[in-house]
Amino acid sequence: MQLKESEASGKISGLEKKIQYTEIEKKSIEDKLNKLKVEKRNIEDEIGRVKPEVQKLVNVITTRASKILSLEQRINDIVDRVYKKFSESVGVKNIREYEESHLKAIEQIAAERFNLHKQQSKLKYQLEYEKKLDVGARITKLESTVLNLKKNLKEVEEKQNKLKSATETANSEIGDLNEEVQDWKAKAEECEKDIQVWKKKISAATSNITKHNRQIKSKETLIEQLTQRKQEIVEKCELEQIDLPTVSDPMETESSSQGPVFDFSSLNRSLQQKSKQSERDKIEAEFTQKIASLMSEIARTAPNMKALDQYDAVLEKEKAASKEWEAARDEQNRVTAEYNKVKQMRHELFMDAFNHISSNINKIYNELTKSNTQSVGGISSTHAVGGTAHLNLENPDEPYLYGIKYSAMPPTKRYRDMPQLSGGEKTVAALALLFSIHSFKPSPFFILDEVDAALDNLNVAKVASFIQSKSCGGARLERNVELGSGFQSIVISLKDNFYDKAEALVGVYRDSDKGCSRTLTFDLTKYRES
């Protein structure tokens with residue numbers, strides 16, 4: 001399922017990139033086409049602007065040529081009138097014939113004529129250049145280029161249509177896959193709920209087993225104390241040479257206790273029956289009184305005074321030893337009771353902390369790793385589900401003597417041991433554990449020293465948003481006692497998408513003049529968006 005979804009995602013991303021490249025190519029072609037159209041319009045405007053000027057030049061040349069002819073005719077007439085007498089005296093028709101007869105006059109006329117021809121040819125060449133200016137070929141070339149660009153544009157549009165159809169097909173496939181993913185997510189959520197229910201049942205069963213084990217241990221301790229008491233009574237009876245009735249064959253009584261099995265059949269039925277502690281104490285007092293009366297009766301007989309003295313001395317020693325032993329036993333029982341009390345208190349305190357932390361670490365880790373479909377910190381994200389994290393005890397009976405296994409599974413990844421996770425994933429898991437511990441015993445503030453060093457921009461934004469939501473300012477808007485809120489934090493970071501969510505910045509710089517460090521503070525609450 002994940003393989004199909006990843007293949008579909010890869011196809012979609014490839015098609016989206018192709019569409020982007022096609023749109024970029026289309027825009028570039030359209031820009032080229034617009035530039036060529038602008039250039040064509042400029043050339044046409046230039047042609048329209050040049051044509052009147054050329055026509056003006058042609059008209060000017062024509063008028064000037066006619067003026068030149070008229071002026072030459074007038075000059076000749078004036079010269080003829082002026083030099084009429086000279087011409088008649090020289091014998092020529094006019095002065096021109098006289099000038100032609102002289103070389104110098106001819107050279108001057110040739111020079112003047114050459115200059116005029118030169119000017120005329122210059123104007124003629126200018127006119128021909130203006131006429132021969134090949135604007136039409138350039139326009140034709142531009143039109144062919146425009147046609148080619150239109151053809152390319154059509155090809156690009158066809159490609160775009162194909163890509164759109166492929167994208168629609170992929171989108172439909174993605175829709176089907178998304179529906180399938182939603183079904184699997186629903187099944188996964190149901191399984192997760194079942195797992196949580198079974199975990200709660202396992203936890204309850206484990207706590208019950210632990211409780212019963214503690215009760216068994218207390219009963220075993222009581223049995224040991226009673227066994228010691230029994231042994232003391234037996235030793236005292238042996239010392240006082242009191243015969244206790246025993247069963248000849250212990251197998252008949254089915255007793256599992258070591259040592260001699262006593263026969264209580266000679267006692268009254270009322271004494272053989274189980275009774276309360278007060279009744280047992282009363283019976284014990286009666287027997288003690290009877291023993292004392294018997295002892296006093298024996299003492300009155302006094303058959304051997306020396307043996308009595310020896311017995312009194314031994315009895316005093318036995319009483320002193322018994323008192324010392326009883327004092328030691330009472331002290332042992334008292335220390336054992338205090339030890340068991342402290343042990344029980346330690347176990348309860350540890351389990352209270354562990355149960356609270358283990359119940360919150362999954363929520364905190366899920367909140368640190370999941371994100372909405374919108375962008376987080378300016379970075380797009382697709383992890384809408386989040387990861388899972390669990391704490392397991394290696395020995396539930398005595399958890400403080402053994403280890404705790406911490407398991408974390410990042411989103412969209414399979415389960416792996418903690419050493420196999422990346423540096424960023426380990427950092428997020430460690431932060432989740434830290435915040436879970438803080439939720440049990442909140443501290444006044446945190447000091448986080450570059451915890452974002454191994455995180456990418458997406459996880460940096462998630463961690464920063466989490467800290468901001470649980471800080472004093474964010475906690476006014478979002479209260480969650482289980483996850484812990486209302487703490488202060490001092491964060492040392494070099495990433496702007498982390499510290500831009502702070503309430504204030506503190507910068508440290510070196511003062512080269514005084515050779516020491518100085519600080520600058522900047523309040524960011526004034527620039528928060530309302």
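This is a conversation between a student and a tutor about how the terms used for this structure are applied.

Tutor: Please keep in mind that this is a predicted model, in which local features need pLDDT of at least 70, side-chain atom pairs count only at pLDDT 80 or more, and totals for chains, interfaces and linings use all residues. Residues are numbered from 1 along each chain as its sequence is written, and side-chain values use heavy atoms, with hydrogens and water left out.

Student: Why is lysine 470 called buried?

Tutor: Buried means under 20% relative accessible area, exposed means over 50%, and partly exposed lies in between, with a 1.4 Å probe and protein chains only. Lysine 470 has a relative accessible area of 1%, and therefore it is called buried.

Student: Why does glutamate 367 count as partly exposed?

Tutor: Glutamate 367 has 24% relative accessibility, which falls between the two cut-offs, so it counts as partly exposed.

Student: How do you know that the side chains of glutamate 367 and lysine 470 meet in a salt bridge?

Tutor: A salt bridge is a side-chain nitrogen of Lys or Arg within 4 Å of a carboxyl oxygen of Asp or Glu. For glutamate 367 and lysine 470 the N to O distance is 3.8 Å, so the pair meets that definition. Glutamate 367 lies in helix H8 and lysine 470 in helix H10, so this salt bridge ties together parts that are 103 residues apart in sequence. Helices (H or I, at least four residues) and strands (E, at least two) are DSSP runs, numbered from the N terminus.

Student: What makes glutamate 232 and arginine 329 a pair that links distant parts of the chain?

Tutor: Glutamate 232 is in helix H5 and arginine 329 is in helix H8, 97 residues apart. Their side chains meet in a salt bridge at 2.9 Å, N to O, and both glutamate 232 and arginine 329 are buried. In general, side chains of opposite charge can pair when their charged atoms come close.

Student: How many salt bridges does a search of the whole structure find, and which residues do salt bridges that share partners join into one network?

Tutor: The search finds nine salt bridges. Another of these pairs is lysine 501 with aspartate 500, whose side chains meet at 3.7 Å, N to O. The network made by salt bridges that share partners joins Glu331, Arg334 and Glu338.

Student: What makes Glu30, Asp31, Glu155, Glu157 and Glu158 a patch of negative charge?

Tutor: A patch is made of residues with over 30% relative accessible area and no salt bridge, where like charges are joined within 9 Å and nonpolar side chains (Val, Leu, Ile, Met, Phe, Trp, Tyr) within 5 Å. Asp and Glu count as negative, whereas Lys and Arg count as positive, and His and the chain ends are not counted. Glutamate 155, found in helix H5, is a useful example, because its relative accessibility of 37% is over the 30% that a patch requires. Helix H5 (135-239) and helix H1 (2-82) each supply at least two residues of the negative patch, and H5 gives the most, with three residues.

Student: Which residues gather in a patch of positive charge on the surface?

Tutor: They are Lys37, Arg41, Lys150 and Lys154, and H1 and H5 each supply at least two residues of this positive patch. Arginine 41 lies in helix H1 and counts as partly exposed because its relative accessibility is 46%.

Student: What makes a set of residues a nonpolar core, and which members touch the most others in the largest one?

Tutor: A nonpolar core is a set of buried Ala, Val, Leu, Ile, Met, Phe, Trp, Tyr and Cys residues joined through side-chain atoms within 4.5 Å. The largest nonpolar core has 29 residues, among which Leu368 and Phe435 touch the most other members. Elements that give two or more residues to this core include helix H8 (305-369), strand E1 (388-393) and helix H9 (423-440), and the largest share, seven residues, comes from H8.

Student: Why is threonine 412 called exposed?

Tutor: Threonine 412 has 62% relative accessibility, and this is over the 50% cut-off, so it counts as exposed. Threonine 412 sits in the loop between E2 and H9, and its phi is near 60°, a positive value in a residue other than glycine. Most residues other than glycine have a negative phi.

Methods: Accessible areas come from the Shrake-Rupley method with a 1.4 Å probe; for residues, only the protein chains shown count as cover. The place of a charge is taken as NZ of Lys, CZ of Arg, CG of Asp or CD of Glu.
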